[in-house]
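Thanks for coming, everyone. Please look at the screen, and I will walk you through it.

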Amino acid sequence: MELTNTAFWVFSSLAVLSAFGVVFFRNIIYAVLSLISTLIMVSGLFFTMGAELIGALQILIYAVAIVVFYVLVISTVPEFKGKAFETKYMLISLPVGFLIFVELAFVSLYGAWSSNTGIFTADVIQEVGNVKAVATMLFTKYLFPFEVASLILLVAMIGSIIIGRKDHVIDEEAKG
């Protein structure tokens, strides 16, 4: 067995085990730690497939930024501290999760056979590299949606700062 195949099976099996931990751990802290493990294993899968940029973005955006945000929310909001989920939600989430899995599997299999390759074939990507191919598409064909997404994130960041400051000012006025 080739090293790439071995790495794929190791990363994929650990990702599935970690995903089960996200679903079945009753303690929210353990579920978030399992989520970090799942996201890192998925980035490892991207690295084994030769998509280094997507793997690095997976680690930077999801495994670091988003999960740190989850941990901050869990640690600062008193309702979440050490609280386990109730089992009645698991009875609802398992069938819904299975239906979503079946839908994603169908779309993935159907999409793999019916999609076109676009302007970047495997030979072109091998020649120019993944990062240049993604950057070319991002800053030519998809420049306007990229800038709109940047503007939306900027507005959301400014809004969260304003909302956070209002609560802080109200707390300070209540003390004084």
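Let me start with a question: does Val10 count as buried, exposed or partly exposed, and why? Val10 has 41% relative accessibility, so it counts as partly exposed. The cut-offs behind that are simple: buried means under 20%, exposed means over 50%, and partly exposed is in between. Keep those numbers in mind, because we will use them again for Ser34, Thr38 and Gln58. And please remember that this is a predicted model.

Now the overall picture. The protein has seven helices and zero strands. Along the sequence, the pattern reads α-α-α-α-α-α-α. There are 176 residues, and 12% of them count as buried. The protein exposes about 13700 Å². Carbon and sulfur atoms supply 74% of that area. What about contacts along the chain? Take the contacts between residues at least 6 apart in sequence: 50% of these join residues at least 24 apart.

Back to Val10. It lies in helix H1, which covers residues 3-24. Val10 is also part of a nonpolar surface patch of about 750 Å². Other members include Leu14, Val16, Leu17 and Phe20. Val22, Val23, Phe24 and Leu94 belong to the patch as well. Which helix gives the patch its largest share? That is helix H1, with eight residues.

Next, helix H2, residues 28-48. Find Ser34 there. Is Ser34 buried or exposed? Its relative accessible area is 8%, so Ser34 is buried. Who are its neighbours? Leaving out residues up to four places away in sequence, Ser34 touches Ser18, Gly21, Val22 and Phe25. Look closely at Val22. Its backbone nitrogen lies 3.3 Å from a polar atom of the Ser34 side chain. Val22 is also one of the residues of the surface patch.

Stay in helix H2 and move to Thr38. Thr38 has a relative accessible area of 12%, so it is buried too. Where does the Thr38 side chain reach? It reaches the backbone oxygen of Ser34, at 2.9 Å. With residues up to four places away in sequence set aside, Thr38 touches Ala15, Ser18, Ala19 and Val22. So Ser18 and Val22 turn up again: Ser34 touches them, and Thr38 touches them.

On to helix H3, residues 52-76. Gln58 is found here. Gln58 has 10% relative accessibility, so it counts as buried. Not counting residues up to four places away, Gln58 touches Leu39, Val42, Ser43, Phe46 and Ala63. Now compare Gln58 with Gly44. They are 14 residues apart in sequence. In space, their C-alpha atoms are 9.3 Å apart.

Last stop: the core. Which residues make up the largest nonpolar core? There are six: Ile28, Val32, Leu39, Ala63, Val67 and Ile74. Helices H2 and H3 each supply at least two residues of this core. Two of the names are familiar, as Gln58 touches both Leu39 and Ala63. Val67 is worth a look as well. Outside the residues up to four places away in sequence, Val67 touches Val32, Leu35, Ile36, Leu39 and Tyr62.

To recap, we saw a nonpolar patch with its largest share from helix H1. We saw Ser34 and Thr38 buried in helix H2. And we saw a nonpolar core of six residues. Thank you, and over to you for questions.

Notes
Residues are numbered from 1 along each chain as its sequence is written. This is a predicted model: local features need pLDDT of at least 70, side-chain atom pairs count only at pLDDT 80 or more; totals for chains, interfaces and linings use all residues. Side-chain values use heavy atoms; hydrogens and water are left out. Patches are made of residues with over 30% relative accessible area and no salt bridge: like charges are joined within 9 Å, nonpolar side chains (Val, Leu, Ile, Met, Phe, Trp, Tyr) within 5 Å. Accessible areas come from the Shrake-Rupley method with a 1.4 Å probe; for residues, only the protein chains shown count as cover. A salt bridge is a side-chain nitrogen of Lys or Arg within 4 Å of a carboxyl oxygen of Asp or Glu. Helices (H or I, at least four residues) and strands (E, at least two) are DSSP runs, numbered from the N terminus. Buried means under 20% relative accessible area, exposed over 50%, partly exposed in between (1.4 Å probe, protein chains only). A polar contact is a pair of N or O atoms within 3.5 Å; within protein, one must be able to donate a hydrogen and the other to accept it, and residues adjacent in sequence count only if both atoms are side-chain atoms. Contact means heavy atoms within 4.5 Å. A nonpolar core is a set of buried Ala, Val, Leu, Ile, Met, Phe, Trp, Tyr and Cys residues joined through side-chain atoms within 4.5 Å.
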